[in-house]
Amino acid sequence: MIATEKSIRIAGVVGDSIVDGPGLRMTIFFQGCEHCCEGCHNPQALPMNGGRVDTVEGLLAEIDANPLLTGVTFSGGEPLLRAGVLIPLAEGVTARGLDLAIYTGWTIEDIFADGDEYVLSLLGYASVLVDGPFVLEEKSLLLPYRGSKNQRILDAKKTLAERRAVLVDGLGWVEKGL
């Protein structure tokens with residue numbers, strides 16, 4: 001799951017999202033995905049070498065430009081493919097007192113089985129992990145912060161500590177201090 005390049009390849013940034021977690025968030029869509037889910041809402045983010053190249057400093061400057069943000073969401077593509085280079089960005093996000101959410105097409109069980117130290121380290125900065133692939137047959141527009149019923153909203157810190165999936169209420173992860 002690890003990428004070792006020094007730059008960060010992104011598909012794009014939404015500076016004021018209200019659909020990728022509670023509050024006003026910046027959502028960074030990372031480029032590249034191996035899941036290729038049928039009905040993917042972001043197919044332009046699938047090719048590994050598409051998008052544009054950015055840096056941690058550049059993305060943090062974009063975050064700093066909006067003092068109204070309550071959080072940052074890492075989405076994709078598949079952000080965990082670039083876990084090693086995203087750790088400094090995650091550190092910068094949390095150092096600013098912002099909530100960090102990460103979306104992944106892998107389940108937490110897959111992540112634990114793989115044991116990638118960079119992925120596990122990156123997840124340690126997140127308050128929430130939305131896991132699981134998008135499944136078109138499970139699609140629902142009524143779900144908060146996820147696209148299909150199989151996807152789970154996990155308390156990242158408790159999940160890592162307990163080494164099992166610990167669910168949170170999707171509508172209130174910030175209100176509960178997550």
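## Exercises on a predicted model

Leaving out neighbours within four places in sequence, L89 touches I28, F30, V56, L59, L60 and F74 in this predicted model. Keep that residue in mind as you work through these.

**Exercise 1. Work out which residues touch the most other members of the largest nonpolar core, and which elements feed it.**

Start with the residues. The core holds 37 of them, and I28, V72, F74, L89, I102, I111 and L122 touch the most other members. So much for the hubs; now the elements. Those giving two or more residues are β1 (8-17), β2 (25-30), α1 (56-64), β4 (71-75), α2 (83-95), β5 (99-103), α3 (108-114) and α4 (117-123). Of these, α2 gives the most, with seven residues. Finally, look elsewhere in the fold: there is a second, separate core of seven residues, with Y103, V130, I153 and V168 among them.

**Exercise 2. Find which residues of α1 are buried, and say why they line one face of the helix.**

First, pick out the buried ones: V56, L59, L60 and I63. Next, look down the axis of α1: these buried residues fall within an arc of 100°, so they sit along one face. The general rule helps here: an α-helix has 3.6 residues a turn, so residues three or four places apart point the same way. Last, ask what that face meets. The buried residues of α1 pack against β1, β2, β3 (52-54), β4 and α2.

**Exercise 3. Lay out the sheet: what is the strand order, and which strands stand at the edges?**

Begin with the order. Seven strands make an open sheet, running β3-β1-β2-β4-β5-β6-β7, with mixed pairing. Now for the ends: β3 and β7 (152-155) each have a single partner strand, so one side of each has no neighbour in the sheet. From one strand to the next, the twist averages 30°. Zoom in on one pair: β1 and β3 run antiparallel and are joined by three bridges. Within it, I10 stands opposite R52 in β3. Then add the helix: α1 packs on the sheet, touching β1, β2, β3 and β4, and its direction makes about 5° with that of β1.

**Exercise 4. Decide where pLDDT is below 50 at the start of the chain, and where it stays under 50 further along.**

Check the overall picture before anything else: the mean pLDDT is 90, and 91% of residues reach 70 or more. Then go to the stretches themselves. Residues 1-5 are below 50, with 20 contacts beyond near neighbours in sequence. Residues 174-178 also stay under 50, and have eight contacts beyond four places in sequence. How to treat them? Where pLDDT is low, don't read the predicted coordinates in detail.

Key
Residues numbered from 1 in each chain as written. Predicted model: local features only at pLDDT ≥ 70, side-chain atom pairs only at ≥ 80, totals over all residues. Heavy atoms only, no water. Core = buried A, V, L, I, M, F, W, Y, C linked by side-chain atoms within 4.5 Å. Buried < 20%, exposed > 50% of the residue type's maximum accessible area, 1.4 Å probe, protein only. Helix = DSSP H or I, 4+ residues; strand = E, 2+ residues; numbered from the N terminus. Contact = heavy atoms within 4.5 Å. Arc of directions from axis to C-beta. pLDDT = per-residue confidence, 0-100. Pairing = 2+ DSSP bridges. Axes fitted to C-alpha atoms, helices over the stretch in contact; angles between N-to-C directions.
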